[in-house]
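Please open the model in your viewer and keep the selection box handy. We will go from stop to stop, and at each one you will hear what to select and what is there.

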Amino acid sequence: MDNTNKQKGIIYTKKGLLRAIWVIVAVCLYPCAFMYIQNFTETTLDKILLPFAMFIFVAIIAYCISLIIFRNADKATAFTGLFMVLFINHNIIGELFARYTSLPEIVFTILVGAIIVGIGVLLFVTKKELDSVCFVIGIVYSGLIIMNMVMAIPAFVDSNKKNEEIKVEQYAKTDDFRENIYYIIMDEYGGKENLEYYFDFDNSEFLDYLGDKGFSISNSTHNYEGINTYEILPNLLNLDYVVSADNTTASGYKKLLNPAMFRFFKEAGYKIQMLNHLQGLRADGCEVLYETPKIGTVIHDIDFYLLKNSLLYYIISNEDLFTGKNETKREEDVFNNYRDQFSKIMDLLLEQSIIKKEVPTFTICYLSCPHVPFVFRADGQAADPEVAYDSSAKDAYVEQLEYLNKRLVKIIDSITENDPNAVIVLQGDHGARVGYHLMYQYKKSEYDEKMESEMMENPFNCVYWGSAKKEEIEGLSGVNTWRTILNNLYGTNYKMIETPEKFIYKWRYEDGQR
């Protein structure tokens, strides 16, 4: 029995209409599902609803127009599916086109238009049945959604698994040292090797200042376990290598919940205070002096990111659908908030150095700086917004680092004047990750994966010992630096330990590329 119908000259079948719904939903859902699945530990499902609804709306309009033109439901489905692939990914493809060619943007726009017209003409003239083409599009995009869901199962299981606290290997053996401790973690602050290798930058002015103050400085520290914060920070705070690059992001961050370091200091009678920039730490069991949310930085707004990658960018760049502000104003607000939040944290650190504390206090501060966004010039003025997320803008990283140094000098001066017996620990988690962010600028023959990895794994690391005996830390990892601190101050006998496996950031392109 022939199930083909013809309504006002349009050829369709019931199965064809179901295929159209399937293809449109799958193509529009995939990028939204992908972004949510990749970031589900840091976002919420409602963040993809608006982009998905808008993609569906555009797809329905495209389908209705193509149905009128082609007079055939399967042709309209095939065209709409392929059109939406280009529509949703327009700006991602455009960025790649601009990166690998020197041609102006108008050439890309003309090329995309020509491809869309070419597809339309080809579909219009073909006499072949296109149900199999529609089926392939639907299967491919449904398969991608299912594949991403399956790949996310370990992370989902990890995120819902009860956290097992790392056992504190040793508690304080003596209560002779009862002075305050200030621990400042600076995301992506490179060590001497890292800064010289990637930026040809000499940080000796700040290092000499620290040396004159009495700091122990390690220029050759390497945190070999990885190059991401969630692979390193849990190890620092648990005094051991409890996560590696093989762990999921969710499992890494879970190890920040009430870590061994916090329990060590609580047992020793310390009060724990936290200054938490962009929620880099987990605040369980601490007195939170100030904490800023991750929401509000461009990278965490996946709804905006999805729309910005599509042709809808040309709408939201003029009028942001979420705030009623244009994109320039929106980013200006984001960066102003970042500067205000950073300044407040530094002011609070300065304030804590002056306040007389009734009990010994461990003050831990996480700064997502000099990590992107690059929003400060060296003099503290606002940086050019165009370079905020541009890892190739090496001067922008250096200027932000120089401004951070200046703010740290004020805090260190205040601590050493008002709380001179206190210990100060300044550490980066990893160095600047130029090889990670800018690998596309290398040729394969230029990328020495061992060298690049070691440079990215070289963070800033120094200790001011206050009234305690000064110890040298040259060459110690972040974990072993803390083991040395505890041994020195509290009579423990922590052994120096090696990284179980040195992480190598390998060439990530296919053979023959670059």
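Start by selecting Ser 66 and Ala 62. In this predicted model, a polar atom of the Ser 66 side chain lies 2.8 Å from the backbone oxygen of Ala 62. Ser 66 itself sits in helix α2, which covers residues 49–70. Is Ser 66 buried or exposed? With a relative accessible area of 2%, Ser 66 is buried.

Now expand the selection to what surrounds Ser 66. Which residues are in contact with Ser 66 once its neighbours within four places in sequence are left aside? They are Arg 71, Ala 76, Phe 79 and Thr 80. Show these four as sticks to see the surroundings of the serine.

**A patch on the surface**

Stay with helix α2 for a moment and switch on the surface. Select Phe 57, Ile 61, Ile 65 and Ile 69, then add Val 117, Val 121, Leu 122, Phe 124 and Val 125. Together these residues form a nonpolar patch on the surface, with about 900 Å² of accessible area. Two elements, α2 and α5 (105–125), each give two or more residues to the nonpolar patch. Which of them supplies the largest share? That is α5, with five residues.

For a single residue to zoom in on, pick Val 125, which lies in helix α5. Its relative accessible area is 52%, and because exposed means over 50%, Val 125 counts as exposed.

**Three salt bridges**

Next, colour the charged side chains. How many salt bridges does the count come to? The count comes to twelve, and we will visit three of the pairs.

Select Arg 19 and Asp 74 for the first visit. Their side chains meet in a salt bridge, with N to O at 3.1 Å. This pair links distant parts of the chain: Arg 19 is in helix α1 (residues 14–38) and Asp 74 in helix α3 (residues 73–88), 55 residues apart. Both partners can be checked for burial. Arg 19 is buried at a relative accessible area of 16%, and Asp 74 is buried at 10%.

Move on to Arg 433 and Glu 188. Here too the side chains meet in a salt bridge, at 2.9 Å from N to O. Where in the chain do the two partners sit? Arg 433 is in the loop between β8 (423–428) and α17 (434–437), while Glu 188 is in the loop between β3 (181–186) and α8 (192–199). The pair links distant parts of the chain, with its residues 245 apart. Arg 433 is buried, with a relative accessible area of 7%, and Glu 188 also counts as buried, at 7%.

For the third pair, select Lys 213 and Asp 413. They form a salt bridge whose closest N and O atoms are 3.1 Å apart. Lys 213 belongs to helix α9 (residues 204–213) and Asp 413 to helix α16 (residues 394–418), so the pair links parts of the chain that are distant, 200 residues apart. Turn the surface back on here: Lys 213 is partly exposed, with a relative accessible area of 29%, and Asp 413 is partly exposed at 30%.

**Two cysteines**

Now select Cys 365 and Cys 369. How many disulfides does the count come to? The count is zero. Cys 365 is in no disulfide, and the nearest cysteine sulfur, in Cys 369, is 10 Å away. Why is there no bond for Cys 369? Its closest cysteine sulfur, in Cys 365, is 10 Å away and therefore too far for a bond; a disulfide needs the two sulfur atoms within 2.5 Å. Cys 365 is buried, with a relative accessible area of 0%, and Cys 369 is buried with 0% as well.

**Zooming out**

Finally, clear the selection and show the cartoon. The protein has 19 helices and nine strands. Its C-alpha trace spans about 90 × 45 × 45 Å along the principal axes. Of its 514 residues, 53% count as buried. The accessible surface comes to about 24200 Å², and 56% of that belongs to carbon and sulfur atoms. Among contacts between residues at least 6 apart in sequence, 75% join residues at least 24 apart.

Key:
Residues are numbered from 1 along each chain as its sequence is written. This is a predicted model: local features need pLDDT of at least 70, side-chain atom pairs count only at pLDDT 80 or more; totals for chains, interfaces and linings use all residues. Side-chain values use heavy atoms; hydrogens and water are left out. Helices (H or I, at least four residues) and strands (E, at least two) are DSSP runs, numbered from the N terminus. Buried means under 20% relative accessible area, exposed over 50%, partly exposed in between (1.4 Å probe, protein chains only). A polar contact is a pair of N or O atoms within 3.5 Å; within protein, one must be able to donate a hydrogen and the other to accept it, and residues adjacent in sequence count only if both atoms are side-chain atoms. Contact means heavy atoms within 4.5 Å. Patches are made of residues with over 30% relative accessible area and no salt bridge: like charges are joined within 9 Å, nonpolar side chains (Val, Leu, Ile, Met, Phe, Trp, Tyr) within 5 Å. Accessible areas come from the Shrake-Rupley method with a 1.4 Å probe; for residues, only the protein chains shown count as cover. A salt bridge is a side-chain nitrogen of Lys or Arg within 4 Å of a carboxyl oxygen of Asp or Glu.
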